[in-house]
Amino acid sequence: MLTYEQARRTVIEQVEKARGPRAAANISIWDALGLVLAEEVKTDRDYPPFHRSTRDGYAVRAAEATPGATLRCVAEIKAGDTVTQPLASGTCVQIMTGAAVPSSADAVVMIEHTSRDGDSVRFERAAQPGQNIVPRGSEAKRADTILPPGMRLGYAELALAAQVGATQLRCASKPRVAILSTGDEVVAIDQEPGAFQIRNSNSVSLAAQVRLAGGEPVLLGNAADRIDDLREKISRGLREDVLVLSGGVSMGKYDLVETVLKDLGAEFYFDGVAIRPGRPAVFGKCGDTFVFGLPGNPVSTMVTFELFVVPAIDLLGGSSARDLPFVEARLGAALNEKPGLTHFLPARVEWRGTKPEVKALPWQGSGDIAALARANCFLVVAADREQVKVGETVPILLRKDTI
Ligand code: AMP
Ligand code: MG
């Protein structure tokens with residue numbers, strides 16, 4: 001059986017091998033948060049576009065602003081003012097943060113390091129050439145690529161696009177991810193379940209995870225544990241980029257997902273991973289559609305989605321596969337786990353100052369959604385560990401949507 005790292009690598013290799021050019025569309029910058037650029041964004045001019053003062057103070061010739069020297073202040077420059085006059089020898093100009101430094105000036109002295117009497121400004125300490133000035137073009141030159149294709153647009157990337165006037169952005173279309181749950185016991189969330197039935201919570205968590213990952217969920221409801229129903233609904237799912245199934249991949253008599261996929265011509269790359277929860281997870285391809293058969297226990301479904309489906313959505317969406325957000329934390333309560341599988345335990349990390357401390361949460365196993373709703377991370381216990389002591393450094397996988 002593959003380790004989760006090997007299984008992830010398998011997903012990444014297979015999807016990279018198969019992915020072709022993606023459709024793209026022009027999107028308003030106001031709607032582009034989280035989308036992936038399909039085309040580079042270039043600068044329209046140098047940045048900064050002029051030598052920019054980073055302080056309120058006096059623009060000087062550094063060699064003249066020696067300790068105890070006085071210079072005559074001949075002008076004032078505010079941010080946005082047009083600046084054409086060079087700085088004459090023996091003079092200084094009062095300048096504000098964000099304003100253009102006149103030519104011939106090569107330093108800005110902070111106002112705090114000066115004293116003023118009428119037009120006369122006295123300097124307390126030596127000025128260094130270049131101090132408090134960001135030179136024109138030092139952040140980017142005109143026509144530089146500042147955002148490459150494949151970049152996911154967060155708030156800083158959007159601000160950068162705005163800075164250069166790129167208000168329409170060519171973005172890759174989101175991968176479409178069909179979501180199909182399976183199980184005779186599963187009813188739609190707006191129906192009243194019978195005494196021995198359960199609501200389809202997996203469709204809701206999966207749709208949310210697809211959205212968070214940058215995909216477009218396509219809800220296909222639930223299939224009964226019957227070949228005909230599974231076949232019909234799986235076939236519908238095979239029209240999308242990815243099909244994610246929940247349930248029906250364990251060893252039970254009515255776990256028929258793999259059988260049906262095989263009948264439909266699927267090729268499998270793995271059908272089990274050495275993790276708990278999530279061991280029966282299946283990954284394959286059927287026609288042009290990547291298929292994930294995730295175990296139906298809700299926490300298993302959520303964990304295996306984060307580990308294996310997110311990188312596929314990343315790649316199909318035109319970006320690279322994001323690394324798993326691992327952090328190291330101090331263990332706050334001892335652990336005792338069965339060895340052999342890598343465990344992903346619902347856990348809560350708290351930052352005391354800057355030092356993360358983590359405790360696994362009590363839980364009833366992989367059906368316990370309430371435990372995961374209290375968790376903000378998974379505590380990862382390696383397959384060869386049985387006892388882990390308080391104070392040990394342990395890896396945790398952050399639940400990005402909570403932090
Ligand atoms: P399975 O993987 O089909 O053996 O299902 C394992 C467990 O997950 C069973 O207890 C199911 O009732 C539960 N389960 C399956 N599908 C869902 C679903 N869509 N929503 C919530 N729980 C589910
Ligand atoms: Mg089932």
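In what order do the six strands of the open sheet with mixed pairing lie? In this predicted model, the order is β7-β4-β6-β5-β9-β8. The edges of this sheet are taken by β7 (107-110) and β8 (114-117); each has a single partner strand, so one side of each is left without a neighbour in the sheet. From one strand to the next, the twist averages 40°. At the β7 edge, the partner is strand β4 (residues 57-60), and the two pair in the antiparallel sense over four bridges. Within this pairing, Tyr 58 has Val 109 in β7 as its bridge partner.

A further open sheet, also of six strands and with mixed pairing, follows the order β16-β13-β17-β21-β20-β18. Here β16 (216-223) and β18 occupy the edges, and because each has a single partner strand, one side of each lacks a neighbour in the sheet. The twist in this sheet averages 20° from one strand to the next. Strands of a sheet pair through backbone hydrogen bonds, either parallel or antiparallel. The pairing of β13 with β16 is parallel and extends over six bridges, with Thr 182 matched to Ala 223 in β16.

Strand β17 (residues 242-246) is joined to strand β13 (residues 176-182) by five bridges, and the two run parallel. One of the bridge partners in β17 is Ser 246, which is matched to Ser 181. Strand β17 also pairs with strand β21 (residues 289-294), again in the parallel sense and over five bridges; in this pairing, Val 242 stands opposite Phe 290 in β21. Five of the five residues of β17 are buried. Cover extends to both faces of the strand, with Val 242, Val 244 and Ser 246 buried on one side and Leu 243 and Leu 245 buried on the other. Helix α3 (residues 201-213) lies across β13, β16, β17 and β21, and runs at about 165° to β16.

Aromatic contacts were examined next. A search of the whole structure yields seven aromatic pairs. In one of them, Tyr 269 and Phe 283 are tilted, at 5.3 Å centre to centre and with 50° between the planes. Tyr 269 belongs to strand β18 (residues 267-270) and Phe 283 to strand β20 (residues 282-286), so this pair ties together parts that are 14 residues apart in sequence. Phe 283 also pairs with Phe 270: the ring centres are 5.6 Å apart and the planes stand at 45°, so this pair is likewise tilted. It links distant parts of the chain, with Phe 270 in strand β18 and Phe 283 in strand β20, 13 residues apart. Phe 283 has 0% relative accessibility and therefore counts as buried, and Phe 270 is buried as well. Ring pairs join Tyr 269, Phe 270 and Phe 283 with Phe 290, Phe 292 and Phe 308 into a cluster.

The packing of two helices was also characterised. Helix α1 (residues 4-18) packs against helix α6 (residues 298-316) at an angle of about 20°, and their axes are 9 Å apart. The two helices are therefore roughly parallel to each other, and their crossing is right-handed. On the α1 side, the contact involves Tyr 4, Ala 7, Arg 8, Val 11, Ile 12, Val 15 and Glu 16. These residues meet Glu 306, Leu 307, Phe 308, Pro 311, Ala 312, Leu 315 and Leu 316 in α6.

Key: Residues are numbered from 1 along each chain as its sequence is written. Chains are lettered from A and ligands numbered from 1 in the order in which they are written. This is a predicted model: local features need pLDDT of at least 70, side-chain atom pairs count only at pLDDT 80 or more; totals for chains, interfaces and linings use all residues. Side-chain values use heavy atoms; hydrogens and water are left out. Two strands pair if DSSP finds at least two bridges between them. Axes are lines fitted to C-alpha atoms, for helices over the stretch in contact, and angles run from 0 to 180 degrees between N-to-C directions. Rings of Phe, Tyr and Trp (its six-membered ring) pair if their centres lie within 6.5 Å; planes under 30 degrees apart count as stacked, over 60 as edge-to-face and the rest as tilted. Buried means under 20% relative accessible area, exposed over 50%, partly exposed in between (1.4 Å probe, protein chains only). Angles under 35 degrees count as roughly parallel, over 145 as roughly antiparallel, 65 to 115 as roughly perpendicular and the rest as oblique. A crossing is left-handed if the near helix is turned anticlockwise from the far one by less than a right angle, and right-handed if clockwise. Contact means heavy atoms within 4.5 Å.
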